[in-house]
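Got the viewer open? Let's click through this one stop by stop.

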Amino acid sequence: SEGLAQVIPNAAAGLTTREEHVEALDSLLSKLQGIKRKLSDVSAAEAFHASRVKTRLEFLTSVGPPPPRTGVVQWNQQRLDLILMDYLLRGGNQATAAALSTRVPHLSAQQL
């Protein structure tokens, strides 16, 4: 089938039939539907990954800001534990992450 760029000038010049116009438009419609389906799949995957990133950021910021001067070492340790748990969970090591979660006071097993 001819591309749309060729069909329009040929139609204007009267060089194509009505059936050829319909065939070209059907072909174009089919291609556009394929593109729409692919874009829909990409959009769904993008939304899924954006949601995962948002959840991870919320999880990692749950420790809050560092304390003024006292407790910075404990805050850093807790933050490191959260980062390690996130890494372990993404790697499929749920048991190890659950064991590490006992070191984070405000984190329950359900939150993993």
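How many helices and strands does the protein chain have? Colour by secondary structure and you should find 4 helices and 0 strands; helices (H or I, at least four residues) and strands (E, at least two) are DSSP runs, numbered from the N terminus. This is a predicted model, where local features need pLDDT of at least 70 and side-chain atom pairs count only at pLDDT 80 or more, while totals for chains, interfaces and linings use all residues. Residues are numbered from 1 along each chain as its sequence is written, and side-chain values use heavy atoms, with hydrogens and water left out.

Next, select residues 18-60, helix H2. Its 43 residues should span 63 Å at 1.5 Å a residue (the expected span is 1.5 Å times one less than the number of residues), and the end C-alpha atoms are 62 Å apart, which agrees. Ala24, Ser27, Gly34, Phe59 and Leu60 are buried in H2, buried meaning under 20% relative accessible area (1.4 Å probe, protein chains only).

Now hop to Asp86 in helix H3. Is Asp86 buried or exposed? Asp86 is buried, at a relative accessible area of 10%. Show its contacts (heavy atoms within 4.5 Å): leaving out residues up to four places away in sequence, Asp86 touches Arg56, Phe59 and Leu60.

Last stop: residues 94-101, helix H4, where Ala97, Leu100 and Ser101 are buried. Look down the axis of H4: the buried residues fall within an arc of 105°, so they line one face of the helix. That arc uses the directions from the helix axis to the C-beta atoms. The buried residues of H4 pack against helix H3 (72-90).

Key:
Buried < 20%, exposed > 50% of the residue type's maximum accessible area, 1.4 Å probe, protein only.
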